[in-house]
Every structure is written in structure tokens, then in C-alpha cells.
Amino acid sequence: MYQVRRVNIGKTAQLDELARECGRLYSQTVTSFWRTVRKKGIWLKPSHLMRWHTSDKLHAHTADATVQALFASLNSWRKRRKSDPDAHPPRRRRYYFRIEYKGTAIRLKDGRLTLSNGKGNAPLMLDWPWELPKTVVIHWTGTQYEAIATYKQEAPQAIPIGNKVAGIDLGEIHMAVSYDGEQTYILNGRHLRSKRQYQNKLKAKLQAKIDVKKKGSRRRKKLVRSKQKQLKKIKQQIKDIEHKQSSRLVSTLHENGVQTVVIGDVRDIRQDLDVGTKNNQKLHQWSHGHVRHLLTYKAERRGIQVALQEESHTSQTCPCCGKRYKPRGRVYRCSACGFTFHRDAVGAMNIRAKYREEFGSPLVVGVMAPPIGIRFMPHTGVAREHSRENVCVGNCTEAAGL
């Protein structure tokens, strides 16, 4: 298991030169690889290209890491291609590229981190009040360079406190909804959605002002800086909400004895989908990949196993009678048996049922407990629980036919 520390290190001529050299090396690697595939029909190995392309301005292992980045992308593309035939392999050249230092190029002494750039080149020096990292990756964030230091930690000893399986349905309105066989938890998404709406309005407002200013003028440059600063602040607020709410959900599931978390796979939801201008914008701004990543690593830290599950028709199948019905709005009302419950909670139930190979069979055999909402309180900065009695519309016992 690894822990990451991020440090902003500004912008210098040395960092620009190193990033440009890594971009040149990566571009050469991409060009040589695909040219060999096209003309010779041979797929080269990383060892071939690491001997072929080197740099006298970088540490040998930094140059190797730049070459290996292409093959890491190729491996990711091969896995992705199994579920998405239209996935594209890495082909683009890079003018700038990230700078990766491995343990052999890193030294720490008297609070100064020395990153070697090879014999005869000036090393990169950083103030570093922490311990020696295993690897350091430097990349451009849009406004400055950021150093990402990785520390290896021992994996926590998993102490099983239960054997429950919980299904999680990811959503654009509600960030995540879980069901563990007994209780349903809903991450309230109102605050997160309001931040995204404000982000879009602010972006449009500032860009309209920038467009009427003369290029190169001081007023235009000032507006551009203001736009970058304000959007960066909102982006950090969105990350903060996602981090705190996902942490609260994982800790809640762990306390309730959940040993396996099954997350619905929505990676292909945007493929060939056109639902109008506004809804398209919402879908493309939906950070389901980041939320899935947060839930995954936080669950694994607590010893909880994580699995992905294909989720077709999970929000349409009634967990009481097994009939399929396409709901409208956030409340699911079965047209066959009258079962009524929260739409995303029904999806979480069926994701869990698919993993347990029970999908399509009646799942509700008693009174459904009302969902519990987890709301982000902006004034306190923490996620809190509150009862959602009004989510279960009508009498659940009667609706389930019990």
C-alpha cells in the first residue's frame, strides 16, 4: 500500500527544461514504436526502446520511466479495449511530459531533497521536511509544477468484523447510494451539484469578459489570472466534498460489518449518448471515475474487498417482484406490484444482487428500513447523517405485498 504527498514547487527554467526533455523523449518513443508496427509489423518491448532512446540531460532511470509510460498506457488500452472496442491507443506526441525520479536518483540530507539528473547535469533541489520518498513525479498543474512523492506502507491487517456485501450505485445527482442487505445510505449531492453549477456560470461570465478585451492587454491578462484563481478554488472545494463524503460512507459501511463492496461500473455511460445540451454537460462533468477511485482505496485501507459489477437494468428491475419498469424521477414505483422506494437505492440493491447471482429474483421479503442520508455540512466541514424518512414513499410493507 502506498501513501502520496503533494507539494507545489512553483515554476523555474530548470523544471521547464526537464519537462521539455521528457516530452522530446516520449515523442521519440511514440513515433518509433508505431512506425515499427506500421512498417515491420513488430511490437517492440520496453527493453528495446529503452536501449534505443536515451537522454544525456536526464537520469538513466528517469529516461527509462519516460519510455515505460508509453507501455503502461498500452496495457491500459488493451484492458479497456475488451469492454470498449472504440478505445484509442496512445499515439499523441507530447511537447512537455512529467518527470519521474526513482529511488536510485533520490537523496535526502539536512531537509533538502536532491533529485539527480545524471552525470554532468545540475540536480534538482527541493526543501523537504519529511522522510525520504520511494518515488517522486513532477508534473504541470496548469499554473505551476507539483511534486507527487510516494511512500510505501505496510498494508493494514484486515480484521473482519462482518461478512456483509454492499452494493453501491454511483450517480450524478446523488454521488453514491449503498445497500448492505439491511440499510440504505444516500450521499446527498445537492451541495456538490450547486458547486458545479456555480463553476459553469462563473466560467461563462469570466470568459465573456475576457473575449472582449484586446489580446496581450493588461486587463485581459488580469482577467485570465482571476479566472484561473477562482476556478482552482472551486475545483478544490469539489474535491473536498467528494473526499469527505466518500470517507464517511466507507467508515459507515465498515462499522456495519461490510466485508465486500460492489461498485456499479458506469465507465461506458457516455458512449453514443446524446440527452440534450444541459444533460450532456452534466454527464461529462460527472466525476464518477474519481469517486470510484476514492471509494476503492479508502475501502481497501480498511481491509474491505472491492469489486466492479456491470449494472445494466439495475435501476429498472423491481427488487420485490422482478418485473422491469423504467421509472421517472427519483422515486421508483413498480407498475406490477406497487413497490415504492428510492430509485438509486433500487439500483444499489440490484447491483448487490447481480454480484451474488440473485438478480431478477425477489429480494424484498420484509419491511424496508427507510434510507439514511449523509449530508455535507459546509459550515462545519464534515459529513453528517440524517434520517430520510420521506424517501420511502407510502407504506413499504403494503407496497411489497406483505
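A residue is called buried under 20% relative accessible area, exposed over 50%, and partly exposed in between. Keep that handy for the exercises below, which work through a predicted model.

**Exercise 1. Sort Tyr95 and Tyr96 by accessibility, then say how their rings meet.**

Start with Tyr95. Its relative accessible area is 54%, and the exposed class begins over 50%, so Tyr95 is exposed.

Now take Tyr96. Its relative accessibility is 42%. That value falls between the two cut-offs of 20% and 50%, so Tyr96 counts as partly exposed.

Next, the rings. A pair of aromatic rings is described by the distance of the centres and the angle of the planes. For Tyr95 and Tyr96 the centres are 5.0 Å apart and the planes stand at 70°. Rings pair if their centres lie within 6.5 Å, and planes over 60 degrees apart count as edge-to-face. So the pair of Tyr95 and Tyr96 is edge-to-face.

**Exercise 2. Find out how Phe33 and Trp34 pair, whether they are buried or exposed, and which cluster they belong to.**

By the ring-centre rule, the count comes to ten aromatic pairs. One of them joins Phe33 and Trp34, with 5.1 Å from centre to centre and 85° between the planes. This pair, too, is edge-to-face.

What about accessibility? Phe33 is buried, and Trp34 is buried as well.

Last step: the cluster. Phe33 and Trp34 share one aromatic cluster with Trp43 and Phe71.

**Exercise 3. Work out how helices H1 and H3 are arranged and which classes of residue make their contact.**

First, the geometry. The axes of H1 and H3 (residues 60-81) come within 9 Å and cross at roughly 45°. Angles from 65 to 115 degrees would be roughly perpendicular, and those under 35 roughly parallel. The angle here fits neither range, which makes H1 oblique to H3. As for handedness, the crossing of H1 and H3 is right-handed.

Second, the residues. On the H1 side, the contact is made by Cys22, Leu25, Tyr26, Thr29, Val30, Phe33 and Trp34. H3 brings Thr62, Ala63, Thr66, Val67, Ala69, Leu70, Phe71 and Leu74. You've already met Phe33, Trp34 and Phe71 in the aromatic cluster.

Third, the classes. The contact of H1 with H3 has twelve nonpolar residues, three polar ones and no charged ones.

H1 spans residues 13-40 and also holds Glu21. With a relative accessible area of 7%, Glu21 is buried. Leaving out residues up to four places away in sequence, Glu21 touches Ser55, Lys57 and Leu58.

**Exercise 4. Do the same for helices H5 and H7, then place Lys298 in the picture.**

The axes of H5 (residues 218-255) and H7 come within 9 Å and cross at roughly 45°. H5 and H7 are therefore oblique to each other, and their crossing is right-handed.

Who makes the contact? From H5 come Glu242, His243, Ser246, Ser247, Leu249 and Val250, and from H7 come His290, Val291, Leu294, Leu295, Tyr297, Lys298 and Ala299. By class, that gives seven nonpolar, four polar and two charged residues.

Now zoom in on Lys298, which sits in H7 (residues 288-301). Its relative accessibility is 11%, so Lys298 counts as buried. Neighbours within four places in sequence aside, Lys298 is in contact with His243, Ser246, Ser247 and Val250. Those four names also appear on the H5 side of the helix contact.

**Exercise 5. Asp110, Glu357 and Gln309: say where each one lies and whether it is buried or exposed.**

Asp110 is in the loop between strand S3 (106-109) and strand S4 (112-115). Its relative accessible area is 72%, so Asp110 is exposed. Its phi is near 55°, a positive value in a residue other than glycine.

Glu357 lies in the loop between helix H8 (343-355) and strand S15 (372-377). At 74% relative accessible area, Glu357 is exposed. Phi of Glu357 is positive too, near 60°.

Gln309 has its place in strand S12 (residues 305-310). With 16% relative accessibility, Gln309 counts as buried. Beyond its neighbours within four places in sequence, Gln309 has contacts that include Val262, Asp265, Ile351 and Tyr355.

Definitions and conventions. Residues are numbered from 1 along each chain as its sequence is written. This is a predicted model: local features need pLDDT of at least 70, side-chain atom pairs count only at pLDDT 80 or more; totals for chains, interfaces and linings use all residues. Side-chain values use heavy atoms; hydrogens and water are left out. Helices (H or I, at least four residues) and strands (E, at least two) are DSSP runs, numbered from the N terminus. Buried means under 20% relative accessible area, exposed over 50%, partly exposed in between (1.4 Å probe, protein chains only). Contact means heavy atoms within 4.5 Å. Axes are lines fitted to C-alpha atoms, for helices over the stretch in contact, and angles run from 0 to 180 degrees between N-to-C directions. Angles under 35 degrees count as roughly parallel, over 145 as roughly antiparallel, 65 to 115 as roughly perpendicular and the rest as oblique. A crossing is left-handed if the near helix is turned anticlockwise from the far one by less than a right angle, and right-handed if clockwise. Ala, Val, Leu, Ile, Met, Phe, Trp, Tyr, Cys and Pro count as nonpolar, Asp, Glu, Lys and Arg as charged, and the others, Gly among them, as polar. Rings of Phe, Tyr and Trp (its six-membered ring) pair if their centres lie within 6.5 Å; planes under 30 degrees apart count as stacked, over 60 as edge-to-face and the rest as tilted.
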